[in-house]
Amino acid sequence: MLRYLLSNLLLLTICSTFSWAQQKAPEKEQSLPPMVTAIEPRPFKLSGIRLGADIIGIGESLFDDKVEKWYLYGDIMLDNALFFTLEYGLQDITRSGEFTLTEDDTRRYVYQSDGFFWRGGVEYNLLAKESTYSGLYIGAKYAFAQFDQYSSYLSQGSDYWEEPSEQQELREENVNAHWVQVMAGIKYRILGNFYVDLSTALGVPLNFTDDLITANDIPGFGLNKQNNSKMILQMRLLYKIPLWKTKVDITEEQLLERY
Amino acid sequence: MRLKYIILLGLLSLLSACQDCDPQTPPDGRVVVRFLDPSDNDDITIDFDSVYGYSTTFQGGNIPRDNNDAYRLPLSTEQEQISFVFAIQGLQDTLHLSYQKKVIINGPDCGNFETFGNLQALINGDTDQAQSIIKFRDSAIFDSLVIFDEEGSVGPALINGDTTTANIRIFIANCTDVSPNQEMVISFFDPVTDTPVSKLFERVYRKEFPNRPILTSLAGEVTSFIVELIPGEESITLVFEERAENGLIESQQITFTFSSNISIIDDFEGCLQNEALGNLRLISEDSIGIDSTAFPSGILFDSALINRSIINSNNTIPNVKIFTQQPTAVDDL
């Protein structure tokens with residue numbers, strides 16, 4: 001349910017972003033004083049550091065006592081064009097319940113995944129020339145997760161070996177998962193130095209090393225369905241540390257001299 | 001252009017919210033073993049006399065061949081190293097397996113189920129490293145073994161719900177260049193001690209060829225002799241003649257039936273013969289094909305039994321054991 005709520009929230013944000021993007025051009029024209037504000041053409045320069053956390057994960061952690069997802073995000077901004085990102089997350093998820101295998105076979109199960117992930121890569125803002133703060137970006141990242149798994153299951157037993165059908169447990173430690181993801185997203189400055197970061201990524205598994213228990217819920221990757229590629233939704237709140245200015249003020253004469 | 005980006009992003013985000021699972025049928029925990037001819041990789045059908053599994057703590061009963069000419073070996077849910085013995089015609093080989101219990105998590109709404117993965121074979125039990133390909137050296141029946149993973153490649157197997165595709169293929173060499181043996185070995189035994197006894201026959205011959213004896217008194221006393229069977233025939237009647245102390249000839253005849261073109265494991269050549277002779281049986285006095293029979297009206301012999309029903313190139317093992325009459329005690333006269 002929470003996912004659908006978040007999806008709707010995402011759509012709303014997309015719509016508002018669309019409005020922002022459409023209104024941005026006239027805004028520029030109206031604010032041209034004799035002393036113009038312009039983005040100085042120069043090679044990429046360090047322009048900011050943003051830190052943040054995944055809002056979806058925080059929401060799930062707060063509203064579902066069987067989910068702990070604490071994902072941290074940081075990026076280094078080169079102007080508002082290139083972002084070098086690094087993420088770290090802790091995740092502890094427990095699922096349990098009954099499921100119906102066949103009409104007359106209802107079983108109980110427990111699955112737990114507990115671990116961390118690192119994810120790093122680069123993002124490029126497609127609207128770098130049009131916006132000083134916000135952006136519509138694409139990116140590519142590499143991710144690595146390590147986690148422990150536990151599952152309680154109904155062992156079918158064996159008539160031949162005279163073994164009964166009974167509930168058993170299995171634990172697997174230090175499961176590794178490597179994947180890459182290509183992504184697209186929006187970083188929208190909502191207030192001062194605060195940004196909302198919405199993105200969707202296509203996660204492509206490289207190597208999932210589960211031996212005993214299917215790596216079903218991978219920190220940072222989410223639900224894994226038969227090691228197939230999948231879409232990963234992310235929604236973060238970011239804060240930009242105000243250390244660098246990204247604009248310079250120059251006169252009209254200086255601007256004309258340069259061009 | 002910007003609008004397109006945003007719509008695309010929105011659609012992808014909606015896709016991200018979709019999660020589902022495909023219900024799967026749990027496997028029944030049995031390894032499918034098929035036997036193949038290494039010369040052409042064709043399946044061969046072998047009816048083992050017995051196949052049974054054992055572990056360090058338990059020995060199971062016989063496992064029959066299934067309807068698809070495969071053997072489906074049950075895995076233990078409590079141990080991860082077990083062995084299976086395949087026995088046929090006095091020969092046997094042991095297949096040692098190692099594997100790991102595995103839990104398939106089938107998505108948030110479809111639960112989980114147990115299966116077995118990383119299935120491999122050990123040549124000589126638990127002292128060897130598990131392997132997916134084995135060339136047997138000192139085996140009596142098996143030539144080599146290959147294990148296939150769930151994608152059909154050579155490698156550790158995962159037991160899934162497929163009950164027909166082989167997890168393990170065992171190759172048994174075919175005796176393509178060896179002619180089937182035709183020599184039926186008949187031996188004589190004491191009915192009380194079950195030890196070999198010597199007999200001096202005047203003649204032993206096929207009933208329809210009295211003038212072409214198989215054995216004569218010139219051979220002296222024998223404990224056993226060989227009868228050449230003819231492929232295509234279905235029975236043979238032997239007439240045994242022995243000279244009594246009073247000089248008269250006493251005789252008794254025994255009829256055997258057999259089949260041609262059956263598959264056997266030749267224990268001397270160590271390979272499979274598809275056109276061998278076997279299914280050897282005795283015909284009792286009331287004309288019933290059986291594995292052992294008494295001769296109530298027999299003069300020379302008390303009884304007989306089929307000791308080995310296949311005609312094999314290893315002729316040190318008798319096919320037929322004939323028990324001689326006990327000498328009549330003087331007091332009984």
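**Exercise 1. Contacts along chain B**

What percentage of the contacts in chain B with a separation of 6 or more is accounted for by residues 24 or more positions apart?

*Solution.* The structure is a predicted model. In chain B, residues 24 or more positions apart account for 56% of the contacts with a separation of 6 or more. In chain A, the corresponding share of contacts with a separation of 6 or more comes to 65%. To set these values in context, take the make-up of each chain in turn: chain B holds 1 helix and 21 strands, and 35% of its 333 residues count as buried. Chain A has 3 helices and 12 strands, while buried residues make up 33% of its 259 residues.

**Exercise 2. The two faces of a strand**

Determine which residues of strand E5 in chain B belong to its covered face and which to its uncovered face, and then place the strand among its partners.

*Solution.* Begin with the general rule that in a regular strand the side chains alternate between the two faces of the sheet. In strand E5 (residues 81-88) of chain B, the covered face consists of B:Ile82, B:Phe84, B:Phe86 and B:Ile88, whereas B:Gln81, B:Ser83, B:Val85 and B:Ala87 form the uncovered one.

Next, consider the partners of this strand. Strand E2 (residues 50-54) of chain B pairs with E5(B) in the antiparallel sense over 5 bridges, and B:Val51 stands opposite B:Phe86, a residue of the covered face. Strand E6 (residues 91-105) of chain B is also antiparallel to E5(B), and 8 bridges join the two; here B:Val85, from the uncovered face, stands opposite B:Thr94.

Finally, look at the connection: E5(B) and E6(B) form a hairpin with 2 residues between them, and B:Gln89 in the turn has a positive phi of about 50°.

**Exercise 3. An open sheet and its edges**

Work out the order of the strands in the open sheet of chain B that contains E11, and explain why one side of E14 and of E19 is left without a neighbour.

*Solution.* The sheet has 5 strands in the order E14-E11-E21-E20-E19, and the pairing is mixed. Strand E14 (224-228) and strand E19 (292-294) stand at the edges, and because each has a single partner strand, one side of each is left without a neighbour in the sheet. Neighbouring strands of this sheet are turned by 20° against each other on average, direction ignored. Within the sheet, E11(B) pairs with strand E21 (residues 320-324) in the parallel sense over 4 bridges, and the bridge partner of B:Phe188 in E21(B) is B:Ile322.

**Exercise 4. Loop residues of chain B**

For B:Asp194, B:Ser287 and B:Asp40, establish the loop in which each lies and decide whether each is buried or exposed.

*Solution.* The cut-off needed here is that a residue is exposed if 12 or fewer other C-beta atoms lie within 10 Å of its own.

- B:Asp194 lies in the loop between strand E11 (183-189) and strand E12 (203-206), and because it has 9 C-beta neighbours inside 10 Å, it counts as exposed. Its phi is positive, about 55°, although it is not a glycine.
- B:Ser287 is found in the loop between strand E17 (271-283) and strand E18 (289-290), and with 7 C-beta neighbours inside 10 Å it counts as exposed. Its phi, near 65°, is likewise positive in a residue other than glycine.
- B:Asp40 has its place in the loop between strand E1 (30-36) and E2, and its 9 C-beta neighbours inside 10 Å make it exposed. The C-alpha atoms of B:Asp40 and B:Asn174 are separated by 9.9 Å, although these residues are 134 residues apart along the chain.

Definitions and conventions:
Residues numbered from 1 in each chain as written. Chains lettered and ligands numbered in written order. Predicted model: local features only at pLDDT ≥ 70, side-chain atom pairs only at ≥ 80, totals over all residues. Buried ≥ 20, exposed ≤ 12 C-beta atoms within 10 Å, placed from the backbone. Pairing = 2+ DSSP bridges. Axes fitted to C-alpha atoms, helices over the stretch in contact; angles between N-to-C directions. Contact = placed C-beta atoms within 7 Å.
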